[in-house]
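Visitor: Hello! I am new to protein structures, and I would like to take a close look at one part of this one.

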Amino acid sequence: MTLNTQNGTKKEHFVPQFYMANFSIPGEHGIVYSLEATVINPRPKKMAVSGLCVCDDLYESKYDDKYILHNETEHSFSKYEAKQKVLVDKIINISNNGENINSALVLSKSEKEALVQFVAQLYLRNKSIYQK
């Protein structure tokens with residue numbers, strides 16, 4: 001068990017920012033419409049993806065007021081996200097090409113594995129799992 005210093009990422013996203021950015025308002029990259037699900041009459045408002053689906057120290061654990069493996073989970077997710085972003089971008093580009101409308105989306109074995117990993121991580125990164 002290694003104890004890391006207190007510096008590092010504080011705000012940790014449970015939905016990757018690159019993924020949310022795909023839902024950006026046209027012409028406003030990184031800005032999406034958001035609804036507050038806990039209010040009676042929610043109204044859409046513009047928000048930066050950097051402020052959505054985020055919690056302070058979501059993946060962190062402390063022992064004697066020091067973080068244990070501080071930011072290790074966040075850094076691990078970041079490594080996977082770089083590869084997953086390339087794959088998601090590929091799928092979007094192929095899907096947006098009108099010439100591919102009647103074509104099958106063919107992925108290599110490693111791309112399929114990365115896609116399954118991405119979906120599994122989205123499920124496992126749910127903040128309710130980490131806030132228990």
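Is Glu81 buried or exposed, and what is its relative accessible area? Please show me the helix around it as well.

Guide: Happy to help! Please keep in mind that this is a predicted model. Glu81 is buried, because its relative accessible area is 15% and the cut-off for buried is under 20%.

Let us place the residue before going further. The protein has four helices and six strands. Following the sequence, you meet them in the pattern β-α-β-β-β-β-β-α-α-α. Glu81 sits in helix α2, which covers residues 72-96 and so has 25 residues, as helices are counted here as runs of H or I. From its first C-alpha to its last, α2 reaches 36 Å, close to the 36 Å expected at 1.5 Å a residue. There is a bend in α2 too, of about 30 degrees, and you will find it at Glu81.

What does Glu81 touch? If you set aside residues up to four places away in sequence, Glu81 touches Pro16, Phe18 and Arg125. Glu81 also has company among the buried residues of α2, which are Glu74, Phe77, Glu81, Gln84, Leu87, Val88 and Ile91. For the protein as a whole, buried residues make up 27% of the 132 residues.

Now try His75, which lies in α2 as well. His75 counts as partly exposed, because its relative accessibility is 40% and partly exposed runs between the 20% and 50% cut-offs. In sequence, His75 and Thr9 are 66 residues apart, yet in space their C-alpha atoms are 9.0 Å apart. Pairs separated along the chain matter for the overall count too: among contacts in the protein with a separation of 6 or more, 63% are between residues 24 or more positions apart.

Next, turn to the partner of α2. Helix α3 (residues 109-124) packs with α2 at an angle of about 115 degrees, and the two axes are 10 Å apart. The crossing of α2 past α3 is left-handed. On the α2 side, the residues that meet α3 are Phe77, Tyr80, Gln84, Leu87, Val88, Lys90 and Ile91. On the α3 side, they are Glu111, Ala114, Leu115, Gln117, Phe118 and Gln121. Sorted by class, this contact has eight nonpolar, three polar and two charged residues. Several names may look familiar: Phe77, Gln84, Leu87, Val88 and Ile91 are buried, and they also take part in the meeting with α3.

For contrast, here are two stops outside the helix. Lys46 lies in strand β3 and is partly exposed, with a relative accessible area of 47%. Leaving aside neighbours within four places in sequence, Lys46 is in contact with Ile25, Glu28, Ile31, Val32 and Tyr33. Lys46 and Leu35 are 11 residues apart in sequence and 9.1 Å apart in space, C-alpha to C-alpha.

The other stop is Cys53, in the loop between β3 (45-48) and β4 (54-56). Cys53 is partly exposed, at 28% relative accessibility. Its phi is near 50 degrees, a positive value in a residue other than glycine. Most residues other than glycine have a negative phi.

To come back to your request: Glu81 is buried, α2 bends there by about 30 degrees, and Pro16, Phe18 and Arg125 are the residues Glu81 touches beyond four places in sequence.

Note on methods. Residues are numbered from 1 along each chain as its sequence is written. This is a predicted model: local features need pLDDT of at least 70, side-chain atom pairs count only at pLDDT 80 or more; totals for chains, interfaces and linings use all residues. Side-chain values use heavy atoms; hydrogens and water are left out. Helices (H or I, at least four residues) and strands (E, at least two) are DSSP runs, numbered from the N terminus. The expected span of a helix is 1.5 Å times one less than its number of residues. The bend at a residue is the angle between axes fitted to the seven residues ending there and the seven starting there. Buried means under 20% relative accessible area, exposed over 50%, partly exposed in between (1.4 Å probe, protein chains only). Axes are lines fitted to C-alpha atoms, for helices over the stretch in contact, and angles run from 0 to 180 degrees between N-to-C directions. A crossing is left-handed if the near helix is turned anticlockwise from the far one by less than a right angle, and right-handed if clockwise. Contact means heavy atoms within 4.5 Å. Ala, Val, Leu, Ile, Met, Phe, Trp, Tyr, Cys and Pro count as nonpolar, Asp, Glu, Lys and Arg as charged, and the others, Gly among them, as polar.
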